[in-house]
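User: I would like a close look at one part of this structure, followed by an account of how it sits in the rest of the chain. Please keep to what can be read from the atoms.

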Amino acid sequence: MDYATSLALIAPEITLSIAGLVLLLIAAWGGDKAARLIAILAVTALFAAGFQLVPTLHDGLVGAETFAFGDLFRADAFAAFAKAMIYLASIGCLVVAPPYFERFKAMRAEYPVLILFAALGMSIMVSASNFLTLYVGLELNSLAAYVLAAILRSDGKSAEAGLKYFVLGGLASGILLYGMSLLYGFTGSTSFAQVQVALSGELSTGALFGLIFVLAGLAFKVSAVPFHMWTPDVYEGAPTPVTAFFATAPKVAGIALTARVALEVFGGQADAWRQIVIFAALASIVVGALGAIGQENLKRLLAYSSINNVGFILLGLAVATNAGARSMLIYLFVYVVMSLGSFVALLMLRDEEGNLYERFADISGLSTTRPLLAWSLLLLMFSLAGIPPMLGFYGKFVVFQATVEAGLVWLGAIGIAASVIGAFYYIKFVKVMFFDEPADVVTGKSERSHWIVLLICAAIISPVGYLLTPSLTDLADKAASALFLAL
């Protein structure tokens, strides 16, 4: 394949790269005064990159025509679906950030640029068809994420979150790199296609250890149990717009990358890795549900909720079928919308002076003081709990349906039982907001940008969102098929 074709396939990445470099120069010349302009231009660049994905998504492109640069990069329908969610989540986090940082007088010009480069790294991750490409994309995303976690330099919690994320992220990257080196040693290649062929026979002990280390490194990136320990502390300490970003876009990239590696590279050895994914899925569901019950800080609670939801998504991966991959992608889309809406709602919990409130006691009686905000939160919590007719119920339903169709009835049954535990702390939101005495501390006026993002998310996860399910299912099916037809 010639370079012109390869360059055309990586058009979204070229757009983000050029935009990031140009905005970096604007930030250097204009300083923090240009932060809002840079944020607007970053949103524009992400929209432009997303628009370039439309033909791939619509046509469901798969196979050799999606390979670029000697099969180092794969611009197929699966990658396009994941990139679309990454770009939309990044746009949402950019839109809601300025009002938050301006309260601290800390809206830095670097923030939109870091989001842009993180999105670029994630874009490379989900299109990787070689372990070297995978690692380059992952590290580009991680380096930007470490800085984002600690970007609020006046806040000790933010600095602590950045340090914890950096140390544990470095450890996870080392584990992943060691697993990749083992696979290279026992297969003689870093190409996904060639490693898959080399592993098609009997799996050697060394290759099995490589598989385990790779999955362990990726499990950290999606905060799956037992590699979840960083999540509550980082989510609580990082600035809320950054936490919203961590809970959405990197989750999509991590899960999409895990699915590509598991189903493409290790697809012929599903029995070897399925038990690992099943353990991580069930443990994440249970630990996320039980860990959230005693939380009073709302950001920590949503961190455990994120762990819990990753468990449900991994159930779809554990099925290792087209239907399972499709259900995983549908649930991932619904999860991104629910998480973004939830964190934006937290940004709106503030008084007239702009001080933020993040505890259960602060939202007591919210339905009487801020009824629209309370009702929006109610929809989001019901959807996270999987209560019909919210769209979150549909996400769980398709995952459980895929497990039953694959003959893993016991796995679906355990998932359904565990989801009941998680409903407790989601319904606690409703009890505190609608039935407790008003705390009357959330009195500040919310920004228009916050209302726009919140109401869009609330509308999507409401029963109105079912109008999207035919198109969503069609796109997810095309994307999932790419994983099984690529090799």
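Is C457 buried or exposed, and what is its relative accessible area?

Analyst: The model is a predicted one. In it, C457 has a relative accessible area of 5%, and it counts as buried because the cut-off for that class is under 20%.

The cysteine sulfur nearest to that of C457 belongs to C93, 9.7 Å away, and C457 is in no disulfide. Seen from the other side, the closest cysteine sulfur to that of C93 is the one in C457, and 9.7 Å is too far for a bond. The cut-off for a disulfide is 2.5 Å between the sulfur atoms. C93 is also buried, at 0% relative accessibility. A search of the whole structure gives 0 disulfides.

The wider setting is as follows. The chain has 487 residues, and buried residues make up 62% of them. It contains 21 helices and 2 strands. Its radius of gyration is 21 Å, which agrees with the value near 23 Å for a compact globule of 487 residues. Along the principal axes, the C-alpha atoms fill a box of roughly 65 × 60 × 40 Å. Of the contacts with a separation of 6 or more, 81% are between residues 24 or more positions apart. The area exposed by the chain is about 17,700 Å², with 68% of it supplied by carbon and sulfur atoms.

With no disulfides found, the salt bridges are the next cross-links to consider. The structure holds 14 of them. One of these joins the side chains of K83 and E13, at 2.8 Å from N to O. K83 is in helix α5 (residues 77-103) and E13 is in helix α2, so this pair ties together parts that are 70 residues apart in sequence. Both partners are buried: K83 has 2% relative accessibility, and E13 has 5%.

A second pair is K428 and E296, whose side chains meet at 3.3 Å, N to O. This pair links distant parts of the chain, with K428 in helix α19 (residues 409-435) and E296 in the loop between α13 (270-293) and α14 (298-319), 132 residues apart. Here the partners are partly exposed, K428 at 22% relative accessibility and E296 at 33%.

The bridge between K164 and E160 is local. Their side chains meet at 2.8 Å, N to O, and both residues lie in helix α8 (residues 156-187), 4 residues apart, about one turn of the helix. K164 is partly exposed, with a relative accessible area of 31%, and E160 is partly exposed as well, at 41%. Beyond these pairs, D71, R74, D76, R260 and E264 are linked in a network of salt bridges.

Another buried site is D362, with a relative accessible area of 17%. D362 lies in the loop between α15 (322-347) and α16 (366-369). Apart from its neighbours within four places in sequence, D362 is in contact with Y357, A439, V441 and V442. The C-alpha atom of D362 is 9.3 Å from that of V432, a residue 70 places away along the chain.

The surface offers a contrast to these buried positions. Y3, L7, I14, I18, V22, F69 and L72 form a nonpolar patch there, with about 620 Å² of accessible area together. The elements that give two or more residues to this patch are α1 (3-9) and α2 (11-30). The most comes from α2, which gives 3 residues. E13, the partner of K83, is also in helix α2. F69, another member of the patch, lies in the loop between β1 (67-68) and β2 (73-74). At 30% relative accessibility, F69 counts as partly exposed.

To return to the starting point, C457 is buried at 5%, and its sulfur is 9.7 Å from that of C93, the nearest cysteine sulfur.

Methods. Residues are numbered from 1 along each chain as its sequence is written. This is a predicted model: local features need pLDDT of at least 70, side-chain atom pairs count only at pLDDT 80 or more; totals for chains, interfaces and linings use all residues. Side-chain values use heavy atoms; hydrogens and water are left out. Patches are made of residues with over 30% relative accessible area and no salt bridge: like charges are joined within 9 Å, nonpolar side chains (Val, Leu, Ile, Met, Phe, Trp, Tyr) within 5 Å. Accessible areas come from the Shrake-Rupley method with a 1.4 Å probe; for residues, only the protein chains shown count as cover. A salt bridge is a side-chain nitrogen of Lys or Arg within 4 Å of a carboxyl oxygen of Asp or Glu. Buried means under 20% relative accessible area, exposed over 50%, partly exposed in between (1.4 Å probe, protein chains only). Contact means heavy atoms within 4.5 Å. The radius of gyration is taken over C-alpha atoms; the globule rule is 2.2 Å times the number of residues to the power 0.38.
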